[in-house]
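Hi,

Here is the structure I promised to pass on. Have a look at it first, and then read my notes below.

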Amino acid sequence: MIGLLFALACHPAVEAEPVAAAVGEAFVPTDVQADMIRRLSMRDGAQPCAEVEAGSVDAASDLQVIVQRVELPPVVPMRAAECLIAKGDVAEGELIRWMSGEDTRGLAMLLADRIDTLQAPLAQRVVASGLAGPHAEVVRARVLKSAAPELRALAGGSL
Amino acid sequence: MRLALLALVACKHPGSDVVDGDAEMRSIEHPATVSVDGWATLEVAVADGDTSFLVNASGGDVLSLDHIIDPNGDIALNWEDWTGHRTLTNAFFPCDEDSCVTDFAVNWPVRAEDGPLVPGAWQVVVATTDPDFNWLSGGVVNATTLVKRDPDLALSTVPVNIVYAAGVGDNAEVVAAVEGAVEHWRGIWAPYGLTLAERYSTSDVDAHLAYPSSGDDALRAASATSEVGEITVLIGEDLGGATSYLGMAGGIPGALVEGPRSGVVVGWLAGSGTDAQFTEEEIVIMAGTMAHEVGHFQGLLHPVESTYTAWDALDDTPECGARSGCERDVGNNLMFPYTVLDIGPQEDLSAGQVGVIMNYVGSP
């Protein structure tokens, strides 16, 4: 068990595969995803990510499905994204989609606020995509508050 | 915080010319009270016709309500009677797993069956402790008590000050969503004799709001723009550096004088989802969040907590014990702890819950 926990904790961020969204199809969550959605639906509280993920054998994939396919309640995909960022288990392509997608402004804001949790090279590429995308203004404002001088510099701040 | 509102507050039934009478509120400024053996006793003079009082206390130690003594010398409320799985007020509980508070509010009576208020000298005994609940003597408790005289506890016009944190009021889409949510909130309350009397303000507090705590200056600053007796609802971008919370109340019940937990905080980003654009459905959910959090501030607990193992103190909200049963029996209640879309609107209030709201001093 300890070995499994260690393996999960050390899972590298860039190895997880993004989950393809079946655009246009009605989303029917699995029972596990439905349980996770409910746990993410608290009105004025938040269950720890570990509790949200407890029933899933592939929490990262389930959380990515929730981010991509669940719209309501709106807090659900946002909390799922927070858990994914905290796990460090999001593929670079998915992070860049959050930063630069036309309909992902909320995810871009969320990710830009947590940009310091990413490893430096990845963070720089993600920030660059955000600054080149449709949410550049909100991304720039947040990255300028980063603790990392090189990220602030990307956003036009001082080193 | 201005005291002008201590004049009469006229309450009018929505959509009619029926006036429910004049509710009156007055303020008692207690002298600084020194704790002896861990207790600081505040005296509240209740006159004939007074219907409830709200003690707002603060100090340097961890503060909580210990007990309330009525004019006959009988204990009307004692924390030792509320240590089980039913909760009447959070005034008994100064600490959670993360921190303790050095301020609290208690409204009495809480439920309809806890009243009516008997005229005479009431005593509210405040416990002063350290975070490990060791009694502390010598600490000073400062308190203001608001007393309500409300001839009609079936109707109420609730004054609410909606305060936009820095920059939020300049975001036209967020402002439109908030105003839309407020209109829906008005509809949630109307069937229960509750009228929302809102106004809007702006503040320069950072839009990244903290969770309400005794050390928070944002709610203190926002509540300073409210009149005494007005409920402050502070709209920011997010709470506690995350989007995990749609909103949070500064107390159950909450204080109605300027203070670090004197209000409700709402984060708009979590409420607008991954695209940060509000749909009609999201505006309805935001309305529910506002009404839910203000419900806490007015003294309502969740009818069942998210673990399904603890309940409020009301007899007319079911004591369910599992998710499916709870969603069936009480899922449509405004104070249900989860947003559940497939069971219909979550906007119901029980008669007992309405009684708690009507007893709250901030519901004149």
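Let me start with a question: which handedness does the link of Cys49(A) and Cys83(A) have, left or right? It is left-handed, with -85° about the S-S bond. The sulfur atoms of Cys49(A) and Cys83(A) sit 2.2 Å apart in this disulfide. The bond ties together distant parts of the chain, as Cys49(A) belongs to helix α3 (residues 49-53) of chain A and Cys83(A) to helix α5 (residues 75-87) of chain A, with the two positions 34 residues apart in sequence. The two ends also differ in surroundings: Cys49(A) is partly exposed because its relative accessible area is 26%, whereas Cys83(A) counts as buried because its relative accessibility is 3%.

Before you go further, please keep in mind that this is a predicted model. Chain A has an average pLDDT of 87, and 84% of its residues score at least 70. Where is the confidence lowest and highest among the elements of chain A? Helix α1 (residues 2-9) of chain A has the lowest mean pLDDT, 34, and helix α6 (residues 92-100) of chain A the highest, 98. Residues 1-22 of chain A have a pLDDT below 50, and this stretch still makes 24 contacts in the model beyond near neighbours in sequence. Where pLDDT is low, the predicted coordinates should not be read in detail. So I would not read much into those contacts, since the pLDDT over residues 1-22 of chain A is below 50.

Back to the disulfides. How many does a search of the whole structure find? Over all chains, the search gives 3. In chain B, the bonded cysteines follow the pattern 1-2, 3-4 when counted along the chain. Here is how the two links of chain B look:

- Cys95(B) is joined to Cys100(B), S to S 1.9 Å. The link is right-handed, with 105° about the S-S bond. Cys95(B) counts as partly exposed because its relative accessibility is 24%, and Cys100(B) counts as partly exposed at 24% as well.
- Cys320(B) is joined to Cys326(B), with the sulfur atoms 2.0 Å apart. This link is right-handed too, with 110° about the S-S bond. Both Cys320(B) and Cys326(B) are buried.

Now for the interface. How much area do chain A and chain B bury between them? The figure is about 2,800 Å², of which 52% is on carbon and sulfur atoms. On the chain A side, Arg38(A), Arg43(A) and Asp44(A) supply 33% of the area that chain A buries against chain B, more than any other three residues. The contact involves 31 residues of chain A and 41 residues of chain B.

As for polar links across the interface, there are 3 salt bridges between chain A and chain B. In one salt bridge, the side chain of Arg142(A) meets that of Glu237(B) at 2.7 Å, N to O. Counting residue pairs in polar contact, with both residues at pLDDT 80 or more, gives 16 between chain A and chain B. Helices α2 (31-39), α5 and α7 (105-113) of chain A each supply at least two residues of the side of chain A that touches chain B. The largest share of that side, 6 residues, comes from α7(A).

Finally, two residues I looked at one by one.

Ser100(A) is found in helix α6 of chain A. Is Ser100(A) buried or partly exposed? It counts as partly exposed, because its relative accessibility is 27%. A polar atom of the Ser100(A) side chain lies 2.6 Å from the backbone oxygen of Ile96(A). Leaving out residues up to four places away in sequence, Ser100(A) touches Ser129(A), Pro134(A) and His135(A). Gln64(A) is 36 residues from Ser100(A) in sequence and 17 Å away in space, C-alpha to C-alpha.

Val34(B) lies in strand β3 (residues 33-34) of chain B. Val34(B) counts as partly exposed because its relative accessibility is 49%. Which residues does Val34(B) touch, not counting those up to four places away in sequence? They are Trp39(B), Ala40(B), Gly138(B), Gly139(B) and Val140(B). Val34(B) and Val141(B) are 107 residues apart in sequence, but 6.3 Å apart in space, C-alpha to C-alpha.

Cheers

How values were computed
Residues are numbered from 1 along each chain as its sequence is written. Chains are lettered from A and ligands numbered from 1 in the order in which they are written. Side-chain values use heavy atoms; hydrogens and water are left out. pLDDT is the predictor's confidence in each residue, from 0 to 100. Helices (H or I, at least four residues) and strands (E, at least two) are DSSP runs, numbered from the N terminus. Contact means heavy atoms within 4.5 Å. A disulfide is a pair of cysteine sulfur atoms within 2.5 Å. Buried means under 20% relative accessible area, exposed over 50%, partly exposed in between (1.4 Å probe, protein chains only). Buried area is the accessible area (1.4 Å probe) that two parts lose on being put together, summed over both. A salt bridge is a side-chain nitrogen of Lys or Arg within 4 Å of a carboxyl oxygen of Asp or Glu. A polar contact is a pair of N or O atoms within 3.5 Å; within protein, one must be able to donate a hydrogen and the other to accept it, and residues adjacent in sequence count only if both atoms are side-chain atoms.
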